[in-house]
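Below are some notes on the model for your review. They start from one residue and move outward to the helix packing.

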Amino acid sequence: MSGPGIIAAVVVGLVVGALGRLVVPGRTQLPLWLTLAVGLVAALLGTILSRLVGIDGDGYTLRQLIVQVGLAGVAVALVVGTAGGRTGP
């Protein structure tokens with residue numbers, strides 16, 4: 001993993017984690033730090049996955065960003081949507 005790739009994964013993960021709270025309707029019992037952590041870990045895994053399949057070329061690429069955002073978005077949506085006892089809108 002390159003330095004810019006790791007930094008971008010951290011930023012992407014935190015942003016997607018925060019936005020995930022806004023996308024899923026209603027209130028959730030999950031703390032904000034947990035959704036941020038899920039987004040962060042998923043984005044870092046997206047960086048690793050993109051490198052394993054050969055997307056990580058010279059430095060940071062748009063394709064790598066797409067993999068990070070996609071994986072983080074799916075992970076946050078799953079965690080926020082399925083856990084934590086939802087309450088009404």
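1. Gln 68 sits in helix H3, which spans residues 62-82. The model is a predicted one. With a relative accessibility of 0%, Gln 68 counts as buried, because the cut-off for that class is under 20%.

2. What does the side chain of Gln 68 make a polar contact with? The partner is the side chain of Thr 47, at 2.4 Å. Both residues also appear in the contact between H2 and H3, Thr 47 on the H2 side and Gln 68 on the H3 side.

3. On the geometry of this pair: the axes of H2 (residues 32-52) and H3 come within 7 Å and cross at roughly 145°. The crossing is right-handed. By class, the H2 and H3 contact contains twelve nonpolar residues, seven polar ones and no charged ones. On the H2 side the residues include Thr 35, Gly 39, Gly 46 and Ser 50; on the H3 side they include Gln 64, Leu 71, Ala 75 and Val 79.

4. The largest nonpolar core has ten residues: Ala 9, Val 12, Val 16, Leu 30, Val 38, Ala 42, Ala 43, Ala 72, Val 76 and Val 80. Helix H1 (3-23), H2 and H3 are the elements that each give two or more residues to this core.

5. Ala 9, one of the core residues, ties back to point 2. Leaving aside residues up to four places away in sequence, Ala 9 touches Leu 40, Ala 43, Leu 44, Thr 47 and Gln 68. Its contacts thus include both partners of the polar contact between Thr 47 and Gln 68.

How values were computed:
Residues numbered from 1 in each chain as written. Predicted model: local features only at pLDDT ≥ 70, side-chain atom pairs only at ≥ 80, totals over all residues. Heavy atoms only, no water. Helix = DSSP H or I, 4+ residues; strand = E, 2+ residues; numbered from the N terminus. Buried < 20%, exposed > 50% of the residue type's maximum accessible area, 1.4 Å probe, protein only. Polar contact = N/O pair within 3.5 Å; in protein donor to acceptor, adjacent residues only side chain to side chain. Axes fitted to C-alpha atoms, helices over the stretch in contact; angles between N-to-C directions. Left-handed = near helix turned anticlockwise from the far one by under 90°. Contact = heavy atoms within 4.5 Å. Nonpolar A, V, L, I, M, F, W, Y, C, P; charged D, E, K, R; others polar. Core = buried A, V, L, I, M, F, W, Y, C linked by side-chain atoms within 4.5 Å.
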